Amino acid sequence: MEFEIRELKARDIAPMCRIASKIGIKQIADVFSDGSLKGIVAASGAGDEDGSTAKEKAERVGLSLMTELASVVCANFDKADSELFRFLASMAGMKEKEVSELSLADAFDLATAVFTSEGFSDFFKRVQASLAR
């Protein structure tokens with residue numbers, strides 16, 4: 001299913017921050033901390049000299065990292081589901097109830113369309129650049 005996604009507006013900052021907070025942005029950041037990443041690499045066996053190629057080791061680390069991130073999001077999703085549905089509905093010109101009743105595949109497509117939209121990535125690149133100063 002294809003969705004027409006509107007441009008992000010300044011009014012979207014507050015809902016995005018509330019959703020990020022409820023989803024567990026701090027826990028997600030912790031996954032990327034140096035100690036956690038070392039643990040993920042060690043647990044994935046990517047640091048072992050087992051004859052694996054660099055690509056195979058990277059794939060194991062990536063899968064382990066995605067599992068950790070999915071675990072955080074799944075554990076916290078119920079805290080943010082209503083706000084997330086409302087935000088996605090706003091972005092796609094739909095009603096919250098319509099979004100909540102989408103099939104899983106269509107809901108994934110909608111979320112992907114929103115979170116990969118040009119304005120979304122531009123916003124977070126600017127926030128990241130600002131924090132790096």
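## Exercises on an all-helix chain

In this predicted model, the loop that runs between helix α5 (96–100) and helix α6 is where S103 is found. The exercises start from this residue and then move to other parts of the chain.

**Exercise 1. Describe the surroundings of S103, stating its accessibility class and the backbone atom that its side chain approaches.**

Solution. Begin with accessibility: the relative accessible area of S103 is 38%, and since the partly exposed class covers the range between 20% and 50%, S103 counts as partly exposed. Next, look for a polar partner: a polar atom of the S103 side chain lies 3.1 Å from the backbone nitrogen of D106. Finally, set the position in space against the position in sequence: S103 and D122 are 19 residues apart along the chain, and their C-alpha atoms are separated by 29 Å.

**Exercise 2. Work out the overall architecture: how many helices and strands does the protein have, and what is its pattern along the sequence?**

Solution. Counting the secondary-structure elements gives seven helices and zero strands, so that reading along the sequence yields the pattern α-α-α-α-α-α-α. The C-alpha trace spans about 50 × 40 × 25 Å along its principal axes. Of the 133 residues, 27% count as buried.

**Exercise 3. Take S117 and decide whether it is buried or exposed, then find its backbone contact.**

Solution. S117 sits in the loop between α6 (104–115) and α7. Its relative accessible area is 16%, and because the buried class means under 20%, S117 is buried. The contact comes from its side chain, a polar atom of which lies 2.8 Å from the backbone oxygen of V114.

**Exercise 4. Find the salt bridge formed by E83 and explain why it ties together separate parts of the chain.**

Solution. The structure holds seven salt bridges. In one of them E83 pairs with K22, and the closest N and O atoms are 2.6 Å apart. E83 belongs to helix α4 (residues 54–92), whereas K22 belongs to helix α1 (residues 13–23), so the pair ties together parts that are 61 residues apart in sequence. The accessibilities of the partners can then be read off: E83 is buried at 14%, while K22 is partly exposed at 35%. To complete the picture, R18 has to be added, since R18, K22 and E83 are linked in a network of salt bridges.

**Exercise 5. For the salt bridge between K55 and E59, give the N to O distance and the separation within the helix.**

Solution. The closest N and O atoms of K55 and E59 are 4.0 Å apart. Both residues lie in helix α4 at a spacing of four residues, which is about one turn of the helix. K55 is exposed, with a relative accessible area of 60%, and E59 is partly exposed at 46%. Another salt bridge joins the side chains of K97 and E101 at 3.0 Å, N to O, and there K97 and E101 are both exposed.

**Exercise 6. Classify the aromatic pairs by their geometry.**

Solution. The description of a ring pair rests on the distance of the centres and the angle of the planes. The count comes to two aromatic pairs. In one, the rings of F77 and F85 have centres 6.3 Å apart and planes at 65°, so this pair is edge-to-face. F77 is partly exposed, with 29% relative accessibility. The F115 and F120 pair is edge-to-face as well, with 5.0 Å from centre to centre and 65° between the planes. Here F115 is partly exposed at 34%, whereas F120 is buried at 12%.

**Exercise 7. Which residues make the nonpolar surface patch of about 290 Å², and how many disulfides does a search of the whole structure find?**

Solution. The patch is made by F124, V127 and L131. Of these residues, V127 can be placed in helix α7 (residues 118–132), and V127 is partly exposed with a relative accessible area of 31%. For the second part, the search finds zero disulfides. Two cysteines can still be assigned an accessibility class: C17 is partly exposed at 47%, and C74 is exposed at 61%.

How values were computed. Residues are numbered from 1 along each chain as its sequence is written. This is a predicted model: local features need pLDDT of at least 70, side-chain atom pairs count only at pLDDT 80 or more; totals for chains, interfaces and linings use all residues. Side-chain values use heavy atoms; hydrogens and water are left out. Patches are made of residues with over 30% relative accessible area and no salt bridge: like charges are joined within 9 Å, nonpolar side chains (Val, Leu, Ile, Met, Phe, Trp, Tyr) within 5 Å. Accessible areas come from the Shrake-Rupley method with a 1.4 Å probe; for residues, only the protein chains shown count as cover. Helices (H or I, at least four residues) and strands (E, at least two) are DSSP runs, numbered from the N terminus. Buried means under 20% relative accessible area, exposed over 50%, partly exposed in between (1.4 Å probe, protein chains only). Rings of Phe, Tyr and Trp (its six-membered ring) pair if their centres lie within 6.5 Å; planes under 30 degrees apart count as stacked, over 60 as edge-to-face and the rest as tilted. A disulfide is a pair of cysteine sulfur atoms within 2.5 Å. A polar contact is a pair of N or O atoms within 3.5 Å; within protein, one must be able to donate a hydrogen and the other to accept it, and residues adjacent in sequence count only if both atoms are side-chain atoms.
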